[in-house]
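User: I should like to go through the terms used for this model and hear the reasoning behind each one. Please set every value against its criterion.

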Amino acid sequence: PVVYTAVSDPVGAGLADEEGNSVGNITGTSDKLPVEEQLKMIRDLMPDAKKIGILYTTSEANSVSTIKEYKELAENYDFEIVDSGINTVADVEMAAKDLASKVDCISNLTDNTVVASLPTILDKANEKKIPVFGSEIEQVKIGCLAAEGIDYIALGKQTGKMAAKVLKGEAKASEQNFETITEPGFYVNNKVAENLGITVPDDLANNAVESFDEITAE
């Protein structure tokens, strides 16, 4: 049996069928981003924003499918998505600089190449005084303004429970559909908000799972 974790699109990766059933003796958890919640949160924090920039790796299937969802939902919140595809880490600096000059903010995916280059993206965004929104708690710690995102520790525990069922003989991997995180959490960096002159609405601030008052170097 195989139990995976943090696969954004198990169906696209060939690990499950369209109904979520396992393909083979395999199951696990998905870190699919709560795109609609993220868009709503960005609108609440930036009522006048029009364009959201997204960097993504063209060869990452998970990123391609998430970009598609962003574009499908963006018009519901009066946003335009401006995406910029990259191939390698070497492409990030120039792409981030160009993107930051065209948009009101940047929103990150769980794209491996992009996340590895987040300090570079933050640097280019800060030059233009625009916020970067993260996709999980660690990105907010190191300088993203906020995220309706994922706590990977919680996701790991959820995956562990599925593995425990297999190990205890309670259920085979093939009998368990993949699972997603039950509720996204709002995370905010108050220091970043202060630096950018952005006021976090009370209803968001009061419901934050966790907030940070400093920017922690990666």
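User: What joins strand β2 to β8, and how do you know that the two count as paired?

Analyst: In this predicted model, two bridges link β2, residues 26–30, to β8. Pairing requires at least two bridges, so the criterion is met. The two strands run parallel, and Thr29 stands opposite Glu179 of β8.

User: Which strands are called edge strands in the sheet with the order β1-β2-β8, and why?

Analyst: That sheet is open, has three strands and shows parallel pairing. Its edge strands are β1 (2–4) and β8 (179–180). They are given that name on the ground that each pairs on one side only.

User: Which helix lies across this sheet, and how does the helix run relative to β2?

Analyst: Helix α7, residues 152–167, lies across β1, β2 and β8. Its angle to β2 is about 165 degrees. On a scale that ends at 180 degrees between N-to-C directions, such a value means that the two axes point in nearly opposite directions.

User: What makes the pairing of the sheet β7-β9-β10 parallel, antiparallel or mixed?

Analyst: The pairing in this open sheet of three strands is mixed. Its edge strands, β7 (146–149) and β10 (210–212), each pair on one side only. From one strand to the next the twist averages 10 degrees. Strand β9, residues 185–189, is joined to β10 by three bridges, and these two run parallel; at least two bridges are needed, so they count as paired. Asn189 has Phe212 in β10 as its bridge partner. Helix α1, residues 35–45, lies across β7 and β9, at about 155 degrees to β7.

User: How many cavities are counted, and what makes the lining of the largest cavity nonpolar, polar or charged?

Analyst: With a threshold of 30 Å³ or more, the count is one cavity. The largest cavity holds about 40 Å³ of space, so it passes that threshold. Its lining divides into four nonpolar residues, four polar and one charged. By the residue classes, Leu33, Pro34, Val35 and Tyr70 are nonpolar, Gln38, Asn108, Gly134 and Ser135 are polar, and Glu148 is charged.

User: Why is the protein called as compact as a globular protein of its length?

Analyst: The protein has nine helices and ten strands. Its radius of gyration is 18 Å, and the globule rule gives 17 Å for 218 residues; the two values are close, so the description applies. Along the principal axes, the C-alpha atoms fill a box of roughly 55 × 35 × 35 Å.

How values were computed. Residues are numbered from 1 along each chain as its sequence is written. This is a predicted model: local features need pLDDT of at least 70, side-chain atom pairs count only at pLDDT 80 or more; totals for chains, interfaces and linings use all residues. Side-chain values use heavy atoms; hydrogens and water are left out. Helices (H or I, at least four residues) and strands (E, at least two) are DSSP runs, numbered from the N terminus. Contact means heavy atoms within 4.5 Å. Axes are lines fitted to C-alpha atoms, for helices over the stretch in contact, and angles run from 0 to 180 degrees between N-to-C directions. On a 1 Å grid over the protein atoms alone, a cavity is a set of points where a 1.4 Å probe fits but cannot get out, and a pocket is an open set with protein on both sides within 12 Å along at least five of seven lines; lining residues have an atom within 4 Å of a point. The radius of gyration is taken over C-alpha atoms; the globule rule is 2.2 Å times the number of residues to the power 0.38.
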